[in-house]
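Open the model in your viewer and keep the selection tool at hand. The tour starts with the cysteines.

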Amino acid sequence: MSPTSPARRALLISLLASACSKEAPALQGGWVGTHPERGHRLRSPLPVAGGPLRKANVVIVGAGIAGLACARELTRRGVYDIALLELEDQPGGNSRSHVLAGSPCPLGAHYLPLPGPQAGEVYQLLEELGLVRQQLGRAVWDERHLCHSPQERLFIDGEWRDSLLPPSDSASTLAQYRRFAELVAEAQRDLGFAMPSHRARWGVGHAALDAQTFATWLDARQLTAPRLRWYLDYCCRDDYGAPAAEVSAWAGLHYFASRHGFHAPGDETAEREPVLTWPEGNGWLSDRLAAPLRDRIASGRVVLRATESRRGIELLVWDEARGTPERWQARRVVFALPLFIAARLIEHPALRAAAAAMQYAPWLTANMALRAPLLDRPGAPLAWDNVSYGQDGLGYINDRHQTLDPTPQSPRLTAYLALPRSRRGELLAQHWQHWAQVVVRELSTTHPDLAGKLERMELCRFGHAMSIPVPGVRGQTALTALRHGAGRIAFAHADLAGYSVFEEAYTAGVDAALAIMRP
C-alpha cells in the first residue's frame, strides 16, 4: 500500500474519526421550526367560538411564500386592510430560516435559480430587492448573492468530483447521457415547458407524459444506465420529494426543460446553472417579503373552519399563545395553504377533487454546528452543495460558503433528507435523537469523524413538505379551476402547479391578489 493511496487515506481518516468520537460529549439539540400538533387540531372537535369579532377586508390564510406574495401585491395596489393568519410562529413556509449558535441557516429551501423570461413577477421582486438591474438591455446580477465557486461536488469512486452529474463509466453510459439530452431538447422544442408551468400551454403531448411515471418513460427508451438513473432520481427527490418511479414523466422532463436543459459530460455548450443563495437560504427572501407586513401578520393562528354568508366569510381560529378560540370576518379570503388543508376548512367542489389527488412528501432538515472542520476525502474541495453517490439522503450544504468574512469560523452544515411517505409516522413520532443518528449515519460514509466533531444539531421536520407530482396531478382540470377562480374566495399555493418551488408559489400569490380584486 503506497503512502498516498486512497485505501491508506481512508484508513487514516477512520482511525482519526474513531479517536475523535471517543472524546465527544453528548450531542445537544432538538426540534425547531414546525409544530405538527397545531395542524393536527383540525382532527379534533371544534371549540365553541368566543371572544370579540375581528374584521379585515381581506384575510389571507397562510403566510408562506404564496401568502406573502399575495399580501405584497395587494398593498402595492392600494389594498391595506389585510390580515395574514399563520399557523407557525414565523412566516415564510418552506423558505424560513433559523439561527444556530449565532449563525443563520435554512430550515427548508436554500436557493433560487435565476428566473427565466416567463417568471416576470419573480424577476420584478428580485429587481426591487436590489439583486439584479438592467444594463444595456441585459440583466446584471449582484455577484455577492450568486453562489460562489465551487458550487457542487459528488463523492463517487472513492473521491470527490466536481459537479453532481456522475462521470461516465462506459461508452454506453455516455451514449445514454447524450440521448437523454437530445430528448430534453426535443421536448423543449416540440411541446414547450415554462417556469411557472402554467405559462406553457398544456397539450396532448403533456397529458401523455402526465399519464405515466418518469421511470416508465425512461425504461421505454432504454435509458437504464445506473449513473444516469441515480442522477435523475436525485433530481426528482431534490425538487419533488420522490423518485422517478413515483413522479410523472411530465415532472421529470419539466425539471430540465423548463430551465437549463440537460447537458451530457463533455458538452461544450454546458454551463453550470447560476443560483442565488444565502447562509440562511431562501429565508433571506421570505424575511424581506414579510418585513413590510409585520403589523398585518398574526402568527400562531390555526384556522379551523371557514363559513360563507351574506356578510362575507367568517373564520373560526385558534390562538396558540392564549389557548383560546377567536373569530375573524372578511369580505374576501385567500387560502394560501396546502390544498389538503384548505379542503378541511371550506366546501368547494374543485378543491375537494384537487385535494383528493394530492400526495405529499415528508422532509427533514438538520442544521449542524461543528467544533472543527471535518476530515475530507481526496478530490474536489468542500463546495456549497455536497452529495454522495448512492446514498439515501440529498447531501449537505455548507452554510458558511457565501460568507465574505475571512476570519476562521467553526463549520455550519445543513443536511437534507427526502423521506418516503411510509416514514411520515416515524418522522412525527420518533424523538429528535433518533433522527440525529439517522443523519450522522448517512453522512459518515464520507465523514466518519462527524460524530466526534458534532456539537449541536437542530432538526426541522415537515410531515407534508411538498406536493409530489404523481401521474395525473398536473393535468387535472380542478387545479385550473382553482387558479382561475373568482368571487370572494381565491387560492394561492404551489400546490396549484402540482409541485413546490419558489417561482410557482410566488406567482400563485400574485395571481390570487389580482383575482380577489376583480369585481
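Select every cysteine. This predicted model holds zero disulfides. Why is Cys147 not bonded to its closest cysteine? Its sulfur is 16 Å from the one in Cys235, too far for a bond, given that a disulfide needs sulfur atoms within 2.5 Å. Cys147 is buried, at 14% relative accessibility.

Move to Cys236. Its closest cysteine sulfur also belongs to Cys235. The distance is 6.9 Å, again too far for a bond. Cys236 is buried too, with a relative accessibility of 2%.

Now colour by pLDDT. The chain average is 93, and 94% of the residues score at least 70. Residues 1-21 fall below 50, and this stretch has 18 contacts in the model beyond near neighbours in sequence. Where pLDDT is low, predicted coordinates should not be read in detail.

Next, select residues 301-319. Strand β13 covers residues 301-309 and strand β14 covers residues 312-319. They pair in the antiparallel sense, over eight bridges. Two residues lie between the strands, and together β13 and β14 form a hairpin. Pick out Glu308: which residue of β14 stands opposite? It is Ile313.

Go to helix α3, residues 65-76. Put a distance between its end C-alpha atoms: they are 16 Å apart. That agrees with the span expected for 12 residues at 1.5 Å a residue, which is also 16 Å. Is α3 mostly covered or mostly open? It is mostly covered, with 11 of its 12 residues buried. Among the buried ones are Ile65, Cys70, Arg72, Glu73 and Thr75. Step just past the helix to Gly78, which takes a positive phi of about 90°.

Now for the interior. In soluble globular proteins, nonpolar side chains tend to be buried together. The largest nonpolar core here has 99 residues. Select Val59, Phe180, Trp217, Phe262, Leu315, Phe335 and Leu339: these touch the most other members. Which helix gives the most to this core? Helix α8, residues 226-240, contributes eight residues.

A second, separate core has 43 residues. Select Ala71, Leu276, Phe502 and Ile516 to find part of this second core. Ala71 takes you back to α3, where this residue is one of those buried.

Finish on Trp217 and show its surroundings. Leaving out residues up to four places away in sequence, Trp217 touches Phe180, Leu183, Leu209, Gln212, Leu223, Ala249 and Leu253.

Methods:
Residues numbered from 1 in each chain as written. Predicted model: local features only at pLDDT ≥ 70, side-chain atom pairs only at ≥ 80, totals over all residues. Heavy atoms only, no water. pLDDT = per-residue confidence, 0-100. Contact = heavy atoms within 4.5 Å. Buried < 20%, exposed > 50% of the residue type's maximum accessible area, 1.4 Å probe, protein only. Pairing = 2+ DSSP bridges. Helix = DSSP H or I, 4+ residues; strand = E, 2+ residues; numbered from the N terminus. Expected span 1.5 Å × (residues − 1). Core = buried A, V, L, I, M, F, W, Y, C linked by side-chain atoms within 4.5 Å.
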